[in-house]
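Some labels used for this model follow from numerical cut-offs. The turns below set values against those cut-offs.

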Amino acid sequence: MHFSEQLITIIILVTLTGSYLIGTIADFLNLKNLDQPLPTEFKDHYDKKKYSDSQNYLKTNTKFGFITSSIDLTIILLFWFSGGFQIIDSFVRSFNFGSIVSGLFFTGILLFLKLLISLPFTLYTTFVIEEKFGFNKTTPKLFLADLIKSIVLSAILGGVLLSLILGFLEFGGPLAWVMCWMASTLFLLIVQYIVPTWIMPLFNKFTPLEDGPLKEAIISYAKSINFSLSNIFVMDGSKRSSKSNAFFTGFGKNKRIVLFDTLIKEQSIEELVSVLAHEMGHFKKKHIIKRMVLGIFQMGFIFYLISIFISHEGLFHAFFMKDISIYAGLIFFGMLYSPIDLFISILFQISSRKDEYEADRFAAKTVKDSRPLINALKKLSAHNLSNLTPHPFYVFLNYSHPPVLLRINTLKSL
């Protein structure tokens, strides 16, 4: 190996093993933090058994996650150093498809192999772990249907975007990265627009919230904050899991508030309004637009770096490749970019946690009472067996939301 190949190999190896070790340390600290007693705030929502269940749920998922990540890392390293990428590339090139079709074929094979490897772990998580703790409502038939739909959608949408990117990088010249950035941005906006009305209904049934006290309370609140709202839907989340949630999706005329049917069963009208006030707070405080704009600028940065490294010989030699290609370069660049991605994701998590606090404050202020949201958070935590005492380092790495106890204490201080 030449120096540049060695350097690239070392960077990627350090990134892969470093991420694994950092994640393992964070998991270990998180488990160790479970020794804390039940926080006083939750004594009315957790009995001894439920608190024990929440701790065992975290332990089970963490231990299984360690097994999964260890096997994933081992397979990646074995595949890499046994020349797996070159074997697949030689197979793809034997068909003489042309650069774009070959790229789709090459990427498709890698994603299919990844799916085959991850499938047993997903099945175990769904039908063993989630079943054991009373969450799973998914049937094998529904699981298979979801899997097929996901594969078809990914193949269609991902195939279109990847074809455009490969074409621009192959034939676009010096400004190819700008073309890729513009195409990806347009694609992102289109997908965001069609997700609520075209894609999500393929997986779940969305029923307009029926007339009654809850709908009246939500509409009344929306009017009080000048929030244009005509789409309030109930999603049949209970057909897959007993866990509860609510979310805001789409933009423009397609924006909608979605409540899980399981959430409606667990929460009072005041609590549901406070949860939706939090979601509307994200919109009113422009968090959704901010995240989208940051994501778009990040894409531009990535495509600029791709234009620099995509055909670097050392990158291909590091993966034992005989031929240079745009499509393989995208895969290898993704692995080389991992350290930067980890750093940026941590910054995004910090920003996201700040936004959650701001949305909480907005909800408490506009509802004129913080107690309904506090009660809703307590119920959600108990119902979903959330970890009440996560370790700060684990939160720093993985949490897009602040720990629930910190959110409650902040709400109480308002």
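Q: Which residue stands opposite Phe233 in β4?
A: In this predicted model, Phe233 stands opposite Val258 in β4.

Q: What makes β2 and β4 count as paired strands?
A: Pairing requires at least two bridges. Four bridges join β2 to β4 (residues 256–260), so the requirement is met. The two strands run parallel.

Q: How do you know that β1 and β2 pair, and which way do they run?
A: Three bridges join β1 (residues 206–208) to β2; the cut-off is at least two, so these strands pair. They run antiparallel, and Phe206 stands opposite Met235 in β2.

Q: Which way do the residues of β2 point?
A: Ile232 and Val234 point one way, Phe233 and Met235 the other way, and all are buried. In a regular strand, side chains alternate between the two faces of the sheet.

Q: Why is Asn136 called buried or exposed?
A: The relative accessible area of Asn136 is 9%. Buried means under 20%, so Asn136 is called buried. Asn136 is in the loop between α4 (99–132) and α5 (140–171).

Q: What makes the pair Asn136 and Glu131 a polar contact?
A: Their side chains are 2.8 Å apart; the limit is within 3.5 Å, so the pair qualifies on distance. The Asn136 side chain also reaches the backbone nitrogen of Thr138, at 3.0 Å.

Q: Which residues does Asn136 touch, not counting those up to four places away in sequence?
A: Asn136 touches Thr126, Phe127, Glu130, Glu131 and Arg240 on that count.

Conventions
Residues numbered from 1 in each chain as written. Predicted model: local features only at pLDDT ≥ 70, side-chain atom pairs only at ≥ 80, totals over all residues. Heavy atoms only, no water. Buried < 20%, exposed > 50% of the residue type's maximum accessible area, 1.4 Å probe, protein only. Polar contact = N/O pair within 3.5 Å; in protein donor to acceptor, adjacent residues only side chain to side chain. Contact = heavy atoms within 4.5 Å.
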